[in-house]
Amino acid sequence: MSDYKYDHQAVEEKWLQSWESSGLFCSTDLDLNESDLKNKEYLLYAFAYPSGSGLHVGHVEPKTALDIQARFKRMNGKKVFFPVGWDAFGLPAENYAIKTGIHPKETTKAAINTFRRQVKRLGISYDWSSETATNNPDYYKWTQWIFQQLYKKGLAYQSEGKVNWCPSCQTVLANEQVVSGRCERCDSEVVQKDLKQWYFKITEYKDELIEGLRQVDWPEPTKNQQINWIGRSEGAEVDFSIDLDNKSAQKITIFTTRLDTIFGATFMVISPEKFEQKNLFKFLSQDNQQKVQEYITLAYKKTEEDRKIGEKDKTGVDTGLKIINPFNQEKIPLYVADYVLGGYGTGAIMAVPAHDERDMAFAQKFNLTIKEVVVDGHLINSGEFTGLEVREAVSKMIAAKPDVSRSSVNYKLRDWLISRQRYWGAPIPVVYDPEGKAHLVKEEHLPWLLADDVDFKPTGESPLKSSEEFKARVEKLYGAGWTPEYDTMDTFVDSSWYYMRYCSSRDSLQFADKKRLQDWLPVNLYLIGPEHIVLHLLYSRFFTKFLRDEGYLNLPSGEPFAKMRHQGMILGPDGRKMSKSKGNVINPDEIIKEYGADTLRVYEMFMGPLEADKPWNPRAVAGVSRFLRKIYRLVNLEIAKYKNSSSQLIENRAELVQKLHWVIQKLSLDLPELKYNTAIAALMEFSNLWEKSADDSKLLLKKEELLAFIKIIAPLAPFIAEELYSQSKLLGLKMQSSVHLESWPEYEASLVQKASVVVVVQVNGKVRSQFEWPTSRIDEKESILNEAKSLESMKKWLDGQKIQKEIYIPGKLINLVVS
RNA sequence: GCCGCGAUGGCGGAAUAGGUAGACGCGCGAGACUUAAAAUCUCGUACUAGCAAUAGUGUGUGGGUUCGAUUCCCUCUCGCGGCACCA
């Protein structure tokens, strides 16, 4: 057989240059007309942070997966928008600056350049004309503008309170960024600190953030995680009064999801924060005042980690006060204990040790009464409510005491703390007058530029404080004694609206054009790692809903991402997460150098289902390379035969033609479903069959068939497809300048079917024989059953047996039930 | 503890409106080409017994529904992810 060498390096470089100079796909016309609207396809990959270490094989998978969609959809006549940009603010660049003194501006620029080059080398067909980066003033101008819109609506506010402080990063963290008491970035233990900080009132949208999930096509587990994070729970509030001699009407309100157990409440617990806030010290005896004060001081010192230890060993202190249960008038003791959280519900609970584990643990430690009030779903020892079922008891109890009880709903979701005491982020566009009152930076002063003259060394205060220019700027623009806000915004603010900016990346007058947003949103397919489920997605949905409510966006659902899927993690060859310290990192540049970008792309798509975590297998990469070279050889063999005009089609080619139509159908169905691994397997099956007769001197495929095959590999392996397409121009067919401008080939349903099928014969569910049968006659049940029963190989299974039942699944199998 | 996901050959994985389990790739074995090697190609490859035809077993465990279960239902075990003193 002739030898066709495929020089991946030369071929890929050649087409990269060709695509670059022809501007293929790098600029989408975003102004749609009526007929484009139904055809639009907005494909989005999670905003990437341009890290200094460059592209990782883990980035290659989702980028390729979406690129295949983009190419496939274009070939199917869709108007595709496939933008790219950089989530360029953030800690790593700043930490690097602390170490080296190199300005984050410089390192970020260099990192973006590296990423851009690497992504292009992979053959990702991004629309580079809409490229953007969050650290560009023309981007963060609008991040700041959105902050100001939120502020004007009372949805951005300042509040003093306990915040999560990471002593290593020297900044506060949002609740979402604290992972079991530790900083999600650096794993240091998070401590509580009192600080005045900026918050976004995401809780304003809590119910809609749950409701909206019904309208999107997202993986169910993802929806569940968001719902759990928002943590809606229905229950009741009940007012208990404090038993005081002077009859002053002091009340403590509790929240419970188990109002039905209220007759079992044997004590009450209030959180340290709430006790202080309600200023209940004055009702305590001198002695108790001191004890309670000591306990509260101690509790505040605890870190999250200490509180966790407390799960097993509960602490608390008896206030000496008695509280009256409004349902049975029982007087029960009031404890202060930190197992009740100040920030959830009303900060106080009725403790029912018989029906709550935590209350039980506390009761046992402090020797408190335990009273059972529910058995087998029915109330006991509950006065007039005894005998009722749990469910009806709750509503009847509220109805019986409307003055002291009401139904109530609580959420775990808190407002989003966005202040960061860091440098490399968008400055919060606020200035303070000499009295310390906050004012928005005037709109004409946006973008409110990030000062350059700063000292990066962490001091626990915002690095911007060290900028002379920043202070001078504020005094110059706003007057003597005015000062800037020195904190910057959480980078999640930047990435909460980038998919809108993409539609108008160059617009200097507005954050995005309303018509374009209406035309392009929602995103048709969002591919994003599972690590972004609670943070980024929740914040982005909040922003979209807010901007919709402000009239900047016509999107009734307020849901920016109509369909979302997750990619899995590419693990090292040892099956563990790749990391430098484990020495199991695969460098994509090296794979491209050895095998080419097509091999890297196809291999990663072939590893397994997109959403699964998959270990890297160096040998299997070589297998994919082998497959691509085989394709190259097979196509070239056919082209060579066509050069010889006397060549004739081989007579017996029905099987190959059937397989070709089958593989076109398989890809047509699998590609839009992102089932790339099975699509590639089908291509391999086809080329294996093709190869069997490759040595025949007669033609195996018609010109159009050969071309159809080249077209269907184009989304997966764009370089080799382009090369083969270019070589096929010799065939004299009417062709485009690039295979990537071609349309997707049709398959003929009649040709997908094989001429005959194999019918399996089972006896009592076990396979005993099989026979071939013409596909055209698969509906002839009687003849098929007769054929099965008369098979020589069936004799020993049927002799002397009585057939009780005959089951025929058309074209597949027969099951004979005998006894 | 709660919520969610998963378990199939030596390995990655296919196949679920219930219908031949193991497609495709890797690895392994045998062969062709070659002075030889590489590359490439061909054949074989779930397990057990057998020279073979063939038979039996088999999709984490135990049970159920069914003519028929990897697929549906129940139980348990293990692994992964998220949340976690949220009343």
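A polar contact is a pair of N or O atoms within 3.5 Å; within protein, one of the two must be able to donate a hydrogen and the other to accept it, and residues adjacent in sequence count only if both atoms are side-chain atoms. One such pair joins the side chain of K412, through an N or O atom, to a sugar or linking oxygen of RNA strand B at 3.2 Å. This is a predicted model, in which local features need pLDDT of at least 70, side-chain atom pairs count only at pLDDT 80 or more, and totals for chains, interfaces and linings use all residues. Residues are numbered from 1 along each chain as its sequence is written, and side-chain values use heavy atoms, with hydrogens and water left out.

**Around the RNA**

- Among the 58 residues around RNA strand B (near means a heavy atom within 4 Å), those that come nearest are T257, R358, K412, R626 and N815.
- Of the atoms of RNA strand B that come within 4 Å of the protein, 65% belong to sugar and phosphate.
- The side chain of S233 places a polar atom 2.9 Å from a phosphate oxygen of RNA strand B, whereas M607 uses a backbone N or O atom, which lies 2.9 Å from a sugar or linking oxygen.

**Inside the protein**

- The largest nonpolar core (buried Ala, Val, Leu, Ile, Met, Phe, Trp, Tyr and Cys residues joined through side-chain atoms within 4.5 Å, where buried means under 20% relative accessible area with a 1.4 Å probe, protein chains only) has 185 residues, of which W416 and W616 touch the most other members.
- A second, separate core has 51 residues, including L244 and M397.

Notes: Chains are lettered from A and ligands numbered from 1 in the order in which they are written. Buried means under 20% relative accessible area, exposed over 50%, partly exposed in between (1.4 Å probe, protein chains only).
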